[in-house]
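Subject: Structure for you to look at

Hello,

Here is the structure I promised to pass on. Please open it first, then read my notes beside it.

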Amino acid sequence: MMTERVKMRYVSCPSCGKQLFKVAGNCSVEITCVRCKKEIVGVVDEIYMKIFENCRGKEHNQEKASRYSTDMEALRQRKRAM
(Lines give C-alpha, C1' and ligand atoms only; values in the text may rest on other atoms or scores of the structure.)
Protein backbone atom coordinates (compact mmCIF):
# COMPACT_ATOMS: atom_id res chain seq x y z
CA MET A 1 0.00 0.00 0.00
CA MET A 2 1.38 3.40 -0.99
CA THR A 3 0.85 6.45 1.16
CA GLU A 4 0.65 9.94 -0.28
CA ARG A 5 2.64 12.73 1.35
CA VAL A 6 0.70 15.87 2.20
CA LYS A 7 2.57 19.17 2.28
CA MET A 8 1.58 21.07 5.42
CA ARG A 9 2.03 24.83 5.58
CA TYR A 10 2.56 26.51 8.92
CA VAL A 11 1.00 29.96 9.28
CA SER A 12 2.42 32.37 11.86
CA CYS A 13 1.57 35.89 12.98
CA PRO A 14 3.47 38.58 10.99
CA SER A 15 3.70 40.79 14.12
CA CYS A 16 4.90 38.49 16.90
CA GLY A 17 5.82 35.24 15.08
CA LYS A 18 3.47 32.95 17.04
CA GLN A 19 2.42 29.88 15.04
CA LEU A 20 -1.32 30.22 14.47
CA PHE A 21 -2.26 27.01 12.62
CA LYS A 22 -1.18 24.54 9.97
CA VAL A 23 -3.05 23.78 6.79
CA ALA A 24 -2.94 21.37 3.85
CA GLY A 25 -4.58 22.56 0.65
CA ASN A 26 -6.43 25.82 0.11
CA CYS A 27 -7.59 28.05 2.94
CA SER A 28 -8.91 31.57 3.52
CA VAL A 29 -9.17 32.66 7.15
CA GLU A 30 -9.59 35.60 9.54
CA ILE A 31 -8.16 34.90 12.99
CA THR A 32 -7.05 36.80 16.10
CA CYS A 33 -3.54 36.10 17.37
CA VAL A 34 -3.67 34.80 20.93
CA ARG A 35 -0.32 36.41 21.86
CA CYS A 36 -0.51 39.97 20.46
CA LYS A 37 -4.33 40.17 19.99
CA LYS A 38 -4.06 41.48 16.41
CA GLU A 39 -6.54 40.46 13.72
CA ILE A 40 -4.85 38.41 10.99
CA VAL A 41 -6.18 37.67 7.49
CA GLY A 42 -4.66 34.77 5.56
CA VAL A 43 -5.01 33.24 2.11
CA VAL A 44 -3.25 29.93 1.36
CA ASP A 45 -3.36 28.06 -1.95
CA GLU A 46 -1.10 25.63 -3.82
CA ILE A 47 1.36 28.34 -4.90
CA TYR A 48 1.09 31.34 -2.58
CA MET A 49 0.64 31.96 1.12
CA LYS A 50 -0.22 35.57 2.06
CA ILE A 51 -0.71 36.63 5.67
CA PHE A 52 -1.75 40.21 6.55
CA GLU A 53 -2.67 42.22 9.61
CA ASN A 54 -6.30 43.26 9.24
CA CYS A 55 -6.47 47.08 8.96
CA ARG A 56 -10.21 47.27 8.23
CA GLY A 57 -12.31 48.80 10.96
CA LYS A 58 -9.43 50.56 12.76
CA GLU A 59 -9.89 54.01 14.22
CA HIS A 60 -8.78 57.01 12.15
CA ASN A 61 -5.75 57.93 14.31
CA GLN A 62 -4.30 54.40 14.51
CA GLU A 63 -1.34 53.19 12.49
CA LYS A 64 -2.31 52.48 8.87
CA ALA A 65 0.66 50.34 7.82
CA SER A 66 -0.15 46.76 6.94
CA ARG A 67 2.43 44.08 7.70
CA TYR A 68 2.42 40.87 5.74
CA SER A 69 4.42 37.74 5.06
CA THR A 70 4.52 35.56 1.94
CA ASP A 71 5.65 32.05 1.16
CA MET A 72 9.01 32.80 -0.48
CA GLU A 73 9.71 29.16 -1.38
CA ALA A 74 6.65 29.07 -3.67
CA LEU A 75 7.77 32.31 -5.33
CA ARG A 76 11.25 30.86 -5.97
CA GLN A 77 9.83 27.64 -7.44
CA ARG A 78 7.53 29.57 -9.75
CA LYS A 79 10.44 31.77 -10.90
CA ARG A 80 12.54 28.67 -11.69
CA ALA A 81 9.69 27.16 -13.71
CA MET A 82 9.44 30.23 -15.99
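Start in the middle. The largest nonpolar core has ten residues in all: Val11, Cys13, Leu20, Phe21, Val23, Cys33, Ile40, Val44, Met49 and Ile51. Strand 2 (19-23), strand 4 and strand 5 each supply at least two residues of this core. The largest share comes from strand 2, with three residues. Keep in mind that this is a predicted model.

Now step back to the whole chain. The protein has one helix and six strands. Along the sequence, the order is β-β-β-β-β-β-α. There are 82 residues in the protein, and 22% of them are buried. The protein exposes about 6600 Å². Carbon and sulfur atoms supply 51% of that area. I also looked at contacts between residues at least 6 apart in sequence. Of these, 23% join residues at least 24 apart.

Next, find strands 4 and 5. Strand 4 covers residues 39-44. Strand 4 pairs with strand 5 in the antiparallel sense, over five bridges. The two strands form a hairpin, with four residues between them. To see the pairing, find Gly42, which stands opposite Ile51 in strand 5.

Which residues of strand 5 lie on its covered face, and which on its uncovered one? Met49, Ile51 and Glu53 are on the covered face. Lys50 and Phe52 are on the uncovered face. The general rule is that side chains in a regular strand alternate between the two faces of the sheet. Two residues from the covered face, Met49 and Ile51, also belong to the largest nonpolar core.

Ile40 is another core residue to click on. Leave aside its neighbours within four places in sequence. Ile40 is then in contact with Cys13, Pro14, Leu20, Val29, Glu30, Ile31, Cys33, Ile51, Phe52, Glu53 and Asn54.

Take the last name on that list, Asn54. Asn54 sits in the loop between strand 5 (49-53) and strand 6 (68-70). Is Asn54 buried or exposed? Asn54 counts as buried, because its relative accessibility is 10% and the cut-off for buried is under 20%. Not counting residues up to four places away in sequence, Asn54 touches Glu30, Glu39, Ile40 and Val41.

Now the cysteines. How many disulfides does a search of the whole structure find? The search finds zero. Take Cys13 as one case. The closest cysteine sulfur to that of Cys13 is in Cys36, 3.7 Å away, so the two are too far apart for a bond. The cut-off for a disulfide is sulfur atoms within 2.5 Å. Cys33 is in no disulfide either: the nearest cysteine sulfur, that of Cys16, is 3.6 Å away. Cys13 is buried, with a relative accessible area of 4%. Cys33 counts as buried too, at 0% relative accessibility.

One last stop is Lys22, in strand 2. Lys22 and Met8 are 14 residues apart along the chain. Their C-alpha atoms are separated by 6.4 Å. Leaving aside neighbours within four places in sequence, Lys22 is in contact with Met8, Arg9 and Tyr10.

Those are my notes. Please go through them with the model open.

Best wishes

Methods: Residues are numbered from 1 along each chain as its sequence is written. This is a predicted model: local features need pLDDT of at least 70, side-chain atom pairs count only at pLDDT 80 or more; totals for chains, interfaces and linings use all residues. Side-chain values use heavy atoms; hydrogens and water are left out. Buried means under 20% relative accessible area, exposed over 50%, partly exposed in between (1.4 Å probe, protein chains only). Contact means heavy atoms within 4.5 Å. Accessible areas come from the Shrake-Rupley method with a 1.4 Å probe; for residues, only the protein chains shown count as cover. Two strands pair if DSSP finds at least two bridges between them. A nonpolar core is a set of buried Ala, Val, Leu, Ile, Met, Phe, Trp, Tyr and Cys residues joined through side-chain atoms within 4.5 Å.
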